[in-house]
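Here is a friendly briefing to read alongside the model. Have the sequence and the 3D view open as you go through the points.

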Amino acid sequence: MTSPRSLVVLGGGVIGLATAFHAARRGLRVTLLERLGPDRDGCSFGNAGMVCPSHFVPLAAPGAVVQAIRWMANPKSPFYLKPRLDLDLLAWACRFWRSANAAHVRRAAPLLRDLALASREDFASIASLPGSDFGLVRQGLLMLCRTRHALDDESRLAEQARRLGLEAEVLTPGGVAALEPDLTLDIVGGVHFPQDCHLVPDRFLAALHHHAVQAGAQFVWNSEVTGWRTEGGRIVAARTAQDEWPADTFVLCGGSWSPRLAQPLGLRLPIQAGKGYSLTLPHPRQLPRHCAILTEARIAVTPMSGALRFGGTMEIAGLDESINPLRVQGILDAIPNYLPAFQPQDFHGIPPWRGLRPVSPDGLPYLGRSRRWPNLIVATGHAMLGLSLAPVTGQIVARLATGEPPGFDLTPVDPDRFA
């Protein structure tokens with residue numbers, strides 16, 4: 001009897017866990033190497049927990065560069081780039097600028113839509129498994145706008161969504177209030193995307209880990225990959241300080257640390273770490289029924305089994321996991337503008353969380369086989385869509401590892417596109 005093919009997964013965030021889960025269920029012999037311990041707290045754990053077919057526009061889009069420049073002068077704004085002399089950062093910024101155009105959005109939007117809808121179905125499938133209690137709520141997302149200008153922009157986005165076959169409804173303040181009767185709001189209107197969902201991220205990761213182990217996956221903690229052994233144009237083993245881990249196929253999904261893993265293989269994966277923050281109120285004054293985004297402030301608001309999480313900001317400051325109090329204060333200052341029942345003092349004693357999202361220069365993930373190393377699959381760079389696209393990413397990687405078609409045209413997310 002032929003032994004199952006072996007797969008080594010590098011990285012224990014949500015992408016790595018989803019990959020281990022789907023690959024093990026397809027009969028592969030899976031080993032996941034994670035540089036931290038089982039109590040890690042990376043960007044997969046404290047995020048806004050949203051599953052977003054509505055987010056079909058990549059970060060690199062028309063107007064993004066101009067808006068980012070405006071925000072950079074304010075350290076409390078939704079975007080901040082820490083000035084530093086870094087050639088990789090400069091090259092990344094130039095590529096972002098070149099990608100921020102309408103043609104790029106037209107090419108990317110259908111694939112992001114299809115990936116998100118497929119992921120949404122898989123979330124429901126995973127939720128139906130015994131032991132999967134991660135609070136999946138399928139009621140949609142609200143884009144809440146304080147200004148007419150923002151509502152006009154979101155209305156145009158809603159029309160674009162409908163052209164892509166997604167559901168979207170522009171609402172008056174009364175229409176929003178009908179969906180959120182228990183919430184005090186100061187807005188001019190909003191947009192409802194009924195196909196979006198939300199969940200509790202750390203509980204989802206726990207469910208993936210549980211089911212991956214049940215399917216036979218092995219997890220090795222505190223095992224940072226420091227190098228590779230290659231022979232004849234193929235990767236033979238991943239090296240850690242303690243051991244070598246041979247496999248038939250390797251999956252690189254190290255989040256913001258992926259470029260460090262790729263560099264010894266001669267691969268270029270331009271990624272900047274986009275630091276985000278969140279604060280979670282265990283007993284909020286009011287609890288919404290839907291997840292929402294406070295549009296102008298770029299703050300996500302998610303109910304999570306009785307608690308309420310607020311998250312936001314994009315801080316480009318390298319692999320720096322320290323907490324910048326000004327960034328946190330920017331979130332706290334903006335919340336009462338939309339939700340006047342909440343005040344900054346509500347958050348006294350609430351510890352802020354931070355995580356580093358892996359952001360590519362064109363706002364799209366890297367997903368697919370490496371041309372240089374045929375037994376290497378890359379799955380990283382998902383930015384703020386890591387949780388949202390994790391299940392479908394795991395499915396695609398598992399298909400590629402077993403020699404099946406991926407099920408999608410992966411040309412826009414080719415991991416060698418910046419080589």
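The largest cavity in this predicted model holds about 90 Å³ of space. A search of the whole structure finds two cavities of 30 Å³ or more, and the second largest holds about 40 Å³. The points below take the cavities in turn, then the salt bridges and one helix.

**The largest cavity**

- Lining this cavity are 15 residues, and those closest to its centre are Leu144, Leu183, Pro288, Ala292 and Leu339.
- Two strands, β5 and β15 (291-294), each supply at least two residues of the lining.
- With three residues, β15 gives the most to this lining.
- What is the lining made of? It divides into 13 nonpolar residues, one polar and one charged.

**The second largest cavity**

- Its lining consists of Leu267, Arg268, Leu269, Ser370, Val378, Pro415 and Asp416.
- By type, this lining divides into four nonpolar residues, one polar and two charged.
- Asp416, one of these lining residues, also takes part in a salt bridge with arginine 371.

**Salt bridges**

- How many salt bridges does the structure hold? The count is 21.
- Side chains of opposite charge can pair when their charged atoms come close.
- Arginine 371 and aspartate 416 form a salt bridge in which the closest N and O atoms are 3.9 Å apart. Arginine 371 sits in the loop between β19 (366-369) and β20 (376-380), while aspartate 416 belongs to the segment after α10 (386-401), so this pair ties together parts that are 45 residues apart in sequence.
- The two partners have unlike surroundings: arginine 371 counts as exposed at 58% relative accessibility, whereas aspartate 416 counts as buried at 12%.
- A network also appears, in which Arg229, Glu231, Arg239 and Glu244 are joined by salt bridges that share partners.
- The side chains of arginine 203 and aspartate 133 meet in another salt bridge, at 3.0 Å from N to O. Because arginine 203 lies in helix α7 (residues 201-214) and aspartate 133 in the loop between α4 (102-127) and β5 (141-145), the pair ties together parts that are 70 residues apart in sequence.
- Is aspartate 133 buried or exposed? Aspartate 133 is exposed, at 57% relative accessible area, and its partner arginine 203 is partly exposed, at 28%.
- Arginine 146 pairs with aspartate 186, with 3.7 Å between the closest N and O atoms. The loop between β5 and α5 (148-163) carries arginine 146, and the loop between α6 (173-179) and β7 (189-193) carries aspartate 186, so the bridge ties together parts that are 40 residues apart in sequence.
- Both of these partners are partly exposed, with relative accessible areas of 34% for arginine 146 and 39% for aspartate 186.

**Helix α1**

- Does the length of α1 (residues 14-25) fit its number of residues, and what should the helix span? At 1.5 Å a residue, its twelve residues should span 16 Å, and the end C-alpha atoms are 16 Å apart, which agrees.
- Eleven of the twelve residues of α1 are buried, so the helix is largely enclosed by the rest of the structure.
- Among the buried residues are Val14, Ile15, Leu17, Phe21 and His22.
- After α1 comes glycine 27, which has a positive phi, near 95 degrees.

Methods:
Residues are numbered from 1 along each chain as its sequence is written. This is a predicted model: local features need pLDDT of at least 70, side-chain atom pairs count only at pLDDT 80 or more; totals for chains, interfaces and linings use all residues. Side-chain values use heavy atoms; hydrogens and water are left out. Helices (H or I, at least four residues) and strands (E, at least two) are DSSP runs, numbered from the N terminus. The expected span of a helix is 1.5 Å times one less than its number of residues. Buried means under 20% relative accessible area, exposed over 50%, partly exposed in between (1.4 Å probe, protein chains only). A salt bridge is a side-chain nitrogen of Lys or Arg within 4 Å of a carboxyl oxygen of Asp or Glu. On a 1 Å grid over the protein atoms alone, a cavity is a set of points where a 1.4 Å probe fits but cannot get out, and a pocket is an open set with protein on both sides within 12 Å along at least five of seven lines; lining residues have an atom within 4 Å of a point. Grid points are joined across faces, edges and corners, and a volume is the space filled by probe spheres set on the points. Ala, Val, Leu, Ile, Met, Phe, Trp, Tyr, Cys and Pro count as nonpolar, Asp, Glu, Lys and Arg as charged, and the others, Gly among them, as polar.
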